[in-house]
Amino acid sequence: MRKGPNIVVLILLILAVLATVCFFIYTSDYYRAVATVKDMLNSGNNIKTDGNLTIISPTSPSDTALIFYP
């Protein structure tokens, strides 16, 4: 009986499962929006479009900013 190929298949299966678990952990770790931003977006009053740009500005000055990465 040849155990060599069985061990290689088992190692590849373990690596595939580990890669899948790591992928889901990585993709589930992201920054959530704060309530202030959600309220500002839901109001719709502070949203302007200029060509391809969408500008969202608060009604009062703030030191918080949104950065969207492509």
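How many helices and strands make up the secondary structure of the chain?

1. Content and order. The secondary structure comes to two helices and two strands. Following the sequence, the pattern reads α-α-β-β. The chain has a radius of gyration of 24 Å, whereas the globule rule gives 11 Å for 70 residues, so the chain is more spread out than a compact globule.

2. Status of the model. This is a predicted model, and its confidence should be read along with its geometry. The mean pLDDT of the chain is 81, and 90% of the residues score at least 70. Helix α1, residues 4-27, has the highest confidence, with a mean of 92. The lowest confidence falls in helix α2, residues 35-43, where the mean is 73.

3. Overall dimensions. Measures along the principal axes fit the subject of the first point: the C-alpha trace spans about 75 × 25 × 20 Å.

4. Burial and surface. Of the 70 residues in the chain, 4% count as buried. The accessible surface is about 6,900 Å². Carbon and sulfur atoms account for 64% of that surface.

5. Charges. The chain carries 5 positive and 4 negative charges. The mean position of the positive charges lies 25 Å from the mean position of the negative ones.

6. The aromatic pair. One aromatic pair is present in the structure. The pair is formed by F23 and F24, whose ring centres are 5.5 Å apart. The planes of the two rings stand at 70°, and the pair is edge-to-face because planes over 60 degrees apart are counted that way. As for exposure, F23 has a relative accessible area of 48% and is partly exposed. F24, at 52%, is exposed. The two labels differ because the cut-off for exposed is over 50%.

7. L10 and T49. L10 is located in helix α1, and T49 belongs to strand β1, residues 47-50. With a relative accessible area of 49%, L10 is partly exposed. T49 has a value of 63% and is exposed. Between these two residues there are 54 Å in space, C-alpha to C-alpha, and they are 39 residues apart in sequence.

8. T49 and L13. A second distance from T49 can be checked in the structure. T49 and L13 are separated by 36 residues in sequence. Their C-alpha atoms are 49 Å apart in space.

9. S57 and P5. Where in the chain is S57 found? S57 is in the segment after β2, the strand at 53-56. Is S57 buried, partly exposed or exposed? Its relative accessibility is 29%, and S57 therefore counts as partly exposed. S57 and P5 are 52 residues apart in sequence, and the distance from C-alpha to C-alpha is 61 Å.

10. Points to keep. The chain is more spread out than a compact globule, and 4% of its 70 residues count as buried. When reading the helices, keep in mind that mean confidence is 92 in α1 and 73 in α2.

Definitions and conventions:
Residues numbered from 1 in each chain as written. Predicted model: local features only at pLDDT ≥ 70, side-chain atom pairs only at ≥ 80, totals over all residues. Heavy atoms only, no water. Helix = DSSP H or I, 4+ residues; strand = E, 2+ residues; numbered from the N terminus. Rg over C-alpha atoms; globule rule 2.2 N^0.38 Å. Buried < 20%, exposed > 50% of the residue type's maximum accessible area, 1.4 Å probe, protein only. Areas by Shrake-Rupley, 256 points an atom, 1.4 Å probe, with all protein chains shown as cover. Lys, Arg positive; Asp, Glu negative; His and termini not counted. Charge placed at Lys NZ, Arg CZ, Asp CG, Glu CD. Phe/Tyr/Trp six-rings, centres within 6.5 Å; stacked < 30°, edge-to-face > 60°. pLDDT = per-residue confidence, 0-100.
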